[in-house]
Amino acid sequence: MRQHDIDPSALDNFPSPGASPSASPVDPKIASRLDRLSSAFDRRPILSGLALLGVTAIGFSLAIALFDRALPSTDGWAIYWPYDGIALALLLITNRRRWPWILGGVVLAFVRGERNAHDPLSEALIDISCNLVETLLSACLLPPFRSLRRWMMEPHLALRFTLFAILLGPALTCLPTAWYFSGIHGRFWLLAMKWAFPDALGTALWTPLVLTLVSRETYDIFRFKALPQTITLLAGLFAVSWFTFDQASYPLAFVPYPMLLFVALRLGFSGAVIGANMLSLVAAYFSVRGLGPFHLAAEGWTDQQSVVLQIYSTLAMLFVLPLSVILVERRNFAEKLQHALDEMKNLATIDQLTGVANRRRFDEILDTEWKRAIRDATPISLLMIDADHFKSFNDRYGHVAGDDCLRGIAAALSAKPLRQHDLVARYGGEEFAAILPGAPAAAAEELAEQMRLSVLESCVTHEGNPTGCVTVSIGCASLVPAKGMSPAELIASADRALYLAKESGRNRVCTAAPRLVEPMQRPA
């Protein structure tokens with residue numbers, strides 16, 4: 001299967017909390033358009049690559065222009081740096097052969113941004129190179145993103161994301177950067193800290209955010225039915241966060257965490273990511289204004305206070321990531337268990353030889369439809385179907401051929417246009433039955449005749465049968481049951497009709513009157 005630049009399975013609908021596990025996958029129309037888009041990209045790799053480079057460059061340029069004004073900062077340093085996190089998310093959802101174009105667009109955007117800031121070209125190149133190395137290293141060590149559910153089911157994802165994207169990447173790249181700039185500005189360890197912590201926080205917040213924005217689960221929690229719960233929970237988290245940081249009197253920094261945990265439990269990973277980013281923005285907004293537990297601007301901020309705020313915001317994401325992974329694993333296990341139970345139930349109601357329903361299933365459905373017919377005063381029809389001269393077939397061709405013959409009969413009976421609630425079952429031995437809820441006698445007799453012809457036209461050789469082929473005789477009975485009547489009356493009527501079909505020369509359909517008829521001994 002051809003891989004897409006952005007795989008359509010990244011839009012898979014994995015069930016969000018409260019949604020059905022069998023929720024529909026990505027819209028077929030969208031998948032078809034992505035297929036055509038991918039085919040066009042593969043036919044024109046250079047043109048498509050340039051388009052991808054241009055889109056990335058424009059997107060990052062707009063992001064830089066927006067974030068440079070909107071991001072809280074202290075002493076000219078951003079509290080968190082989102083660009084590496086966004087670039088990492090783009091690499092994870094993009095096929096590796098497209099990575100050079102993505103990175104090229106990022107470079108163009110950053111070069112333009114650094115030139116606008118009037119920084120020396122050498123400093124800009126060092127800055128950009130370290131950003132690219134950090135992003136590329138993390139992308140190579142993390143699993144590719146094809147859908148949110150599959151990504152979160154990757155082994156040790158929370159640990160790998162923490163070690164590689166949040167700790168290792170920023171730690172390794174901050175050292176050469178700090179070494180270079182310390183020769184200009186001094187304070188090596190302070191520069192390393194001011195480089196590493198914003199990068200780590202930006203990656204912790206923005207990589208999951210971008211990944212959730214391309215996931216169907218995120219839009220599921222904003223569907224009409226789920227919208228009241230989603231808005232209520234996120235508004236509650238925002239209110240708690242605002243109350244916590246819009247004051248400087250009480251050390252209430254961890255009060256929003258239980259609310260964030262509740263959001264993760266109710267809305268899943270997508271809701272938790274949105275909530276963690278919301279909490280981080282509120283914390284940074286008030287902290288740089290001298291409010292909240294960290295007081296970054298009150299009486300002069302310190303580097304230690306800035307680091308505490310960054311660690312706090314990073315922990316908010318790391319707090320919900322393992323929990324979300326556990327919830328997804330538990331949901332996946334529950335679905336597998338339910339699937340296994342359904343399979344066991346299916347095996348318990350399917351005849352293993354012929355593949356149609358077994359006698360147990362027949363009895364269950366007949367009882368259910370009988371009660372419905374009494375309640376709604378509607379007819380119910382039953383066909384009793386028997387293979388003609390089957391004993392002589394077994395004697396002549398052997399039991400293995402007899403089993404094949406029964407499978408062929410079952411296939412021929414099931415091939416007819418049955419309705420949703422109709423049921424074909426193996427009644428026992430070489431005898432089959434068909435339950436037709438709501439079918440009057442005429443419709444049941446017509447379907448019985450189609451079934452008889454279907455078996456005859458399959459033309460399984462049977463030299464012991466006067467026709468030279470395997471045939472069936474069918475007894476048809478219909479009635480409108482009333483209270484006090486039993487399904488045994490319908491079975492007895494169909495059984496009597498089958499006896500008459502056998503007596504009349506076999507390979508025919510006979511219909512019984514809707515009354516109780518004691519079954520008689522039928523010829524073989």
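How many disulfides does a search of the whole structure find? The count is zero. I should state at the outset that we are looking at a predicted model.

Let me turn to the cysteines. For C469, the closest cysteine sulfur belongs to C459, and the two sulfur atoms are 3.1 Å apart. The cut-off for a disulfide is 2.5 Å, so this separation is too far for a bond. As to their surroundings, C469 is buried, with a relative accessible area of 11%. C476 is also buried, at 0% relative accessibility.

I now move to strand 5, which spans residues 431-437. Is this strand buried or exposed? Seven of its seven residues are buried, so strand 5 is largely enclosed by the rest of the structure. That holds for both of its faces: E431, A433, I435 and P437 point one way, F432, A434 and L436 point the other way, and all are buried.

Which strands pair with strand 5? One is strand 3, residues 380-387, which runs antiparallel to strand 5 and is joined to it by seven bridges. The other partner to mention is strand 4, residues 423-428, again in the antiparallel sense, here over five bridges.

A434 deserves a word of its own. On the strand 3 side, A434 is the bridge partner of L383; on the strand 4 side, A434 is the bridge partner of V424. The side chain of A434 points the same way from strand 5 as those of F432 and L436.

Finally, the connection: strands 4 and 5 form a hairpin, with two residues between them. In that turn, G429 has a positive phi of about 60°.

Conventions: Residues are numbered from 1 along each chain as its sequence is written. This is a predicted model: local features need pLDDT of at least 70, side-chain atom pairs count only at pLDDT 80 or more; totals for chains, interfaces and linings use all residues. Side-chain values use heavy atoms; hydrogens and water are left out. Buried means under 20% relative accessible area, exposed over 50%, partly exposed in between (1.4 Å probe, protein chains only). Helices (H or I, at least four residues) and strands (E, at least two) are DSSP runs, numbered from the N terminus. Two strands pair if DSSP finds at least two bridges between them.
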